[in-house]
Amino acid sequence: MKKTLLILFSLLLLGSYTFAQRTITGIVKSANGIAIPKATVVIRGTTTTAIADDNGAFSIVSSQEPPFYIRISSVGYKPQDFQVLKFQDTPLELTLVESADLDEIVVTSRRRSEVLQDVPIAITVIGGQAAENAGAFNVNRLKELVPSVQLYASNARNTTLNIRGLGSTFGLTNDGIDPGVGFYVDGVYQARPAATSTDFLDLERIEVLRGPQGTLFGKNTTAGAFNITTTKPTQVPTAKAEFSVGNYNFIQAKASVSGGIAKDLALKLSISGTQRDGTIYNVTEQRKYSGQNNLGLKSQLYYTPSDKLQVLLSGDVSFQHPAGYPLVVAGITTTERSAYRQYAKIVSDLGYQQPKVDPFSREIYTNTPWKQNQSIGGVSANIDYKIGNGTLTSTTAWRFWNWDPTNDRDFSEFSALTKSQGNSRHDQYSQEVRYAGNITEKVSGVIGLFALAQNLKGLSQTEEVGKDQWRFVQTSATGAQAGYNTPGLLDGFGIKTNSTIKSLSAAIFAQADWEFIEHLHVLPGLRFTYDKKDVDYDRTTYGGLQTSDAALLALKAAVYANQKFNTSTDNENLSGNITLSYRPTSKLNVYGTFSTAYKPVGVNVGGLPTTATGEADLAVAVVKPEYVQHYELGAKTKPVKGAILNITAFQTDIKDYQTNVQSPQLGVNRGYLANAEKVIVKGLEIDGTYQLQRFLTLNAAVAYLDGKYDKFTNAPLPLEETGHTELVNNVATQVAFKDASGGRLPGISKWNTSGGLELSTAGKLSTVEGRWFIASDISYRSEYSSNPTPSKVLNVEGYTLVNARLGFKADKFSIFGWSRNIGDTHYFEQLQAAAGNSGLYAGVLGDPRTFGATLRYSF
């Protein structure tokens, strides 16, 4: 009986299944009406698939009742979902748009969706797939694709992100200033530069805006902005996975799943993990450093109850526990100090051999383990509500950053500056409300309010010296200085610093776009900003020889001394811009811009230099704001079908430029901030793309930059001039500063270029239809200064990097081999003097040649 019932039930199911099946037919075409052969057709949420024939025609059998979705996709085109509302006898006509349709790239840089070429701003857009194909899974990799972007990092905290050479101070980071390049992910401003070190998750596109953007974005940006957009959850079930392997035991895995969990509510979960062995070997410890160990998680809920309302809730967290990012000994130079204080003499007196100067052997001999652990993440709520012809947007966010490092800052096997730990905790709370849309047929614009509160704590930040430090600070072997040779005087002597910066930034901003004459637009913008910072700084000494001898205590105090101060500062600013844009045809957009901008007042929390009495020099505790005047002329063109050519010329003048000063005093070895009176950066940028159907894609960009101190009369001495003396009232007097007016700004190459090429042809891999491709990217940077004041030795030589990939891509599946730095170019990313300016300098090495393979699959 049970068997009979089971058979009848099975037949009933089969009969109902057969009865419910219906055949859907259709034709897949491109935007110009040409049939697309071999397109893939999928009924979403099922495994039912069909392949179009050579004429683009397909038929697929559905067991679902309408409404449901079918997805049409083909290599070289954007996948498109089409809703089937009812079954019909006539074939469906479905149109796909080319995935690299250069004329129709849509951006949100002006807080509303617009075609890229219509926006009168210098913007570079990199699609998520293009970034992934190029191996640009974080901002540091991305800089090779955008010549105007500079990123320098000795670790995540010490990160300088600049556009056109401007944005943040070059060198060791001081937490007391704001970055000049805004970094936004899904509309959320991320205040700490460490955010640039995390791996991208579900990237849709990256928009790099060049030049001040204070009237469009919540946080004031004096140099530009990164506007990163990730993919949103979908009601239709989707999933994708990616797996990469390479040399140095590189493993990277990514996965994302998305789908509806209730009516009008979709969920997406994403994960990314990256591991790689180190590329620098510590001979002393017999272990590798400069590896990767990253884990990123992200979840999103997307609620769309109507066409007017969209709510996106996001949460993300990233953990990075690499095996440190050590610097290698790059060279030793002679300073202008006495022979007794030259590095070679110091090392000889301590009984050591000179450090090995062979940076590209990738070997170090440090005796303190390197560690740079961080966790960073947050939650946000983004609400979009359509009102009239525009959208009211509210973005609320909280983000955190935890930083726990250990560094060996003498870069050697000596026990000199043995430990540097800048432990930090950061919380930020931001709220932005803005309305963007069309006011009339001829006027559109955006108006918004923004507030950002930050609490940045330095927790027991430690600097400690060892048994060899006495010789580095001793100026002679006679007199009071002989006391430095007292056994144990400086062993384990250090400072612990607890500091707090509480800051508040609030602003109202607006920008309009008025077509006052046909094809001629005027775009005025205005911003009012208020900034306030409160600082509590407390540094205490510990360790070393415990003694009551006044002479020995004075010697210790010359190395490290207690410092404690509180300061509060605020200021307000009114800035704005005016742009004229002429768009006579869809193929030409010519514009000119004048803008003013401002970077808030800064505070020093890296230790202050001392006065002649040994007290902290409070005169440099607060750093004046930067004031910017910016001029720009640009033309965006479409000279021939499939091609885009854009040209931009600009000049940026900055008054009271905030720069980093490296003091020879050990107690401020992180450096402190100061103002250069005036800086000028000018340049020319040309970028273009060309696509020949689906077979050839080309892109190229070149940037010429000329940045200099127009006036900097109190610049720090470069390393080789440390100890310089001048006649003052006919007395030879040692000086610590010089006039660097006319000198070049650090981190700016005169020439930066990048280019890429991809060739593809239709083919098969086994039975899978797709395209075989070969692609390459190349970038070049000319020589640049790596010191706040121009130096003869701290200059990074120019270098060229070539990357390549070869493989097969289909609609759901791709596999390719890749190599980065295929020529194994030896290059530095940064050079810096060791603390104390005794003559040694160290470098951040660029990655060696890497290679591997990547497999992707989506369904």
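The second largest cavity lies between domain 2 (106-230) and domain 3 (238-559 + 577-844), because both give residues to its lining. The model is predicted. About 360 Å³ of space lies in this cavity. Its lining counts 24 residues. Nearest the centre are Val185, Gln190, Lys298, Asp316 and Arg399. By class, the lining has 11 nonpolar, eight polar and five charged residues.

Which elements give two or more residues to this lining? They are strand 13, strand 16, strand 23 (309-320) and strand 26 (371-387). Strand 26 gives the most, with four residues.

**Domains**

The chain's domain assignment also gives a domain 1, spanning 22-96. Between the C-alpha centres of domain 1 and domain 2 the distance is 38 Å.

**The sheet with strands 13 and 16**

Strands 13 and 16 belong to an open sheet of five strands. The order is 10-15-16-13-14, with mixed pairing. Strand 10 (122-127) and strand 14 (188-189) are the edge strands, each pairing on one side only. Strands of a sheet pair through backbone hydrogen bonds, in either the parallel or the antiparallel sense.

Strand 16 (residues 224-230) pairs with strand 13 (residues 181-185) in the parallel sense, over five bridges. Strand 15 (residues 203-210) pairs with strand 16 in the antiparallel sense, over seven bridges. The table gives bridge partners in strand 16.

| Residue | Bridge partner in strand 16 |
|---|---|
| Phe183 | Phe226 |
| Tyr184 | Asn227 |
| Leu209 | Ala225 |

Is strand 16 mostly covered or exposed? It is mostly covered: seven of its seven residues are buried. Gly224, Phe226, Ile228 and Thr230 point one way from the strand. Ala225, Asn227 and Thr229 point the other way. Buried residues therefore sit on both sides of strand 16, with a relative accessible area under 20%.

**Arg44**

Arg44 lies in the loop between strand 2 (40-43) and strand 3 (49-51). Is Arg44 buried or exposed? Its relative accessibility is 10%, so Arg44 counts as buried, the cut-off being under 20%. Leaving aside neighbours within four places in sequence, Arg44 is in contact with eight named residues: Gln64, Tyr69, Ile70, Arg71, Asp81, Val236, Pro237 and Thr238. Phe528 is 484 residues from Arg44 along the chain, and their C-alpha atoms are separated by 49 Å.

**Ser272**

Ser272 has its place in strand 19 (residues 265-276). At a relative accessible area of 2%, Ser272 is buried. What does Ser272 contact, leaving aside neighbours within four places in sequence? The partners are Asp199, Leu201, Ala253, Lys254, Asn294, Leu295 and Gly296. Gly259 is 13 residues from Ser272 in sequence, and the C-alpha to C-alpha distance is 19 Å.

**Back to the cavity**

Strand 16 appears in two settings. In the sheet, strand 16 stands between strands 15 and 13 in the order 10-15-16-13-14. At the cavity, strand 16 is among the elements that give two or more residues to the lining. Strand 13 is also among those elements. The cavity itself lies between domain 2 and domain 3, since both give residues to its lining.

Conventions
Residues numbered from 1 in each chain as written. Predicted model: local features only at pLDDT ≥ 70, side-chain atom pairs only at ≥ 80, totals over all residues. Heavy atoms only, no water. Domains from an automatic or database assignment. Pairing = 2+ DSSP bridges. 1 Å grid on protein atoms, 1.4 Å probe; cavity = no way out; pocket = protein on both sides within 12 Å on 5 of 7 lines; lining within 4 Å. Points joined across faces, edges and corners; volume = space filled by probe spheres on them. Nonpolar A, V, L, I, M, F, W, Y, C, P; charged D, E, K, R; others polar. Buried < 20%, exposed > 50% of the residue type's maximum accessible area, 1.4 Å probe, protein only. Contact = heavy atoms within 4.5 Å.
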